[in-house]
Amino acid sequence: MTEPSIFTRILNGEIPGELLADDDRVFAIRDINPQAPLHALVIPKTERYRDVTELAQGDPELLAAMIAMAKRLADEHAGGEYRLIFNNGASAGQSVFHVHAHVLGDIEESKLVGF
Ligand code: AMP
């Protein structure tokens with residue numbers, strides 16, 4: 001059996017993390033290395049999908065639930081507008097192979113402005 005991902009370990013309370021949202025299939029934490037004033041990670045509770053390509057093929061409703069949670073976080077923390085990033089593969093910057101969306105808000109204060 002493979003080890004639980006770092007995100008599952010945070011969800012289970014084994015390592016610290018700031019939980020921002022939680023529902024039956026999806027949860028969100030604050031990124032430990034924020035790139036914008038709002039930088040959350042929205043994560044399915046299942047580790048079955050390693051990236052958004054697999055998720056979109058296997059469970060599009062779960063992907064829609066992630067995007068709905070991203071919008072709720074943006075409404076609560078960043079005036080409703082947000083950028084959504086999925087890194088797919090190590091060469092694209094993915095370091096945790098348990099699918100997750102980066103939700104960035106208040107972008108004008110971030111390094112990502114204009115991108
Ligand atoms: P990615 O590089 O797209 O796989 O994203 C992984 C993200 O997880 C990075 O932005 C990290 O800063 C973040 N991260 C890693 N460890 C933790 C942690 N313990 N708590 C919160 N975020 C984390």
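These legends go with close-up views of a predicted model.

**View 1. The ligand and the residues that come nearest to it.** Here we're looking at the ligand, which has 16 residues around it. Of those, D31, N87, G93, S95 and H102 come nearest. Start with D31: a polar atom of its side chain lies 2.5 Å from an oxygen atom of the ligand. Then look at N87, where a side-chain N or O atom is 2.8 Å from an oxygen atom of the ligand. H102 gives the value 2.8 Å too, again between an N or O atom of its side chain and an oxygen atom of the ligand. Taken on its own, the ligand has 510 Å² of accessible area, and the protein covers 83% of that.

**View 2. The pocket and the elements around the ligand.** Where does the ligand sit? You'll find it in the largest pocket. Two elements, α1 (6–11) and β2 (26–30), each give two or more residues to the shell around the ligand. The largest share comes from α1, which puts in 3 residues.

**View 3. V26 in strand β2.** This close-up moves to V26, a residue of strand β2. Is V26 buried or exposed? V26 counts as buried, because its relative accessibility is 0% and the cut-off for buried is under 20%. Leaving out residues up to four places away in sequence, V26 touches V42, I43, P44, K45, L62, A65, M66 and M69. L63 is worth finding as well: V26 and L63 are 37 residues apart in sequence, yet their C-alpha atoms are 9.5 Å apart in space.

**View 4. I67 in helix α3.** Now for I67, which has its place in helix α3 (residues 60–77). With a relative accessible area of 33%, I67 is partly exposed. Set aside the neighbours within four places in sequence, and I67 is in contact with Y82 and L84. For a sense of distance, pick out F97: it is 30 residues from I67 in sequence, and the two C-alpha atoms are 19 Å apart in space.

**View 5. D106, just past a strand.** D106 lies in the segment after β5 (101–105). What is notable about the backbone here is phi of D106, which is near 60°, a positive value in a residue other than glycine. At 26% relative accessibility, D106 counts as partly exposed. Which residues does D106 touch, not counting those up to four places away in sequence? They are P37, H77 and A78. To link this view back to the ligand, use N87, one of the residues that come nearest to the ligand. D106 and N87 are 19 residues apart in sequence and 20 Å apart in space, going C-alpha to C-alpha.

**View 6. S5, ahead of α1.** The last view shows S5, found in the segment before α1. S5 counts as buried at 11% relative accessibility. Skipping residues up to four places away in sequence, S5 touches E47 and H98. N87 serves as the landmark again: S5 and N87 are 82 residues apart along the chain, and 16 Å separates their C-alpha atoms.

Note on methods: Residues numbered from 1 in each chain as written. Predicted model: local features only at pLDDT ≥ 70, side-chain atom pairs only at ≥ 80, totals over all residues. Heavy atoms only, no water. Helix = DSSP H or I, 4+ residues; strand = E, 2+ residues; numbered from the N terminus. Buried < 20%, exposed > 50% of the residue type's maximum accessible area, 1.4 Å probe, protein only. Contact = heavy atoms within 4.5 Å. Near = heavy atom within 4 Å. Polar contact = N/O pair within 3.5 Å; in protein donor to acceptor, adjacent residues only side chain to side chain. Areas by Shrake-Rupley, 256 points an atom, 1.4 Å probe, with all protein chains shown as cover. 1 Å grid on protein atoms, 1.4 Å probe; cavity = no way out; pocket = protein on both sides within 12 Å on 5 of 7 lines; lining within 4 Å. Sits in = over half its atoms within 2 Å of the grid points.
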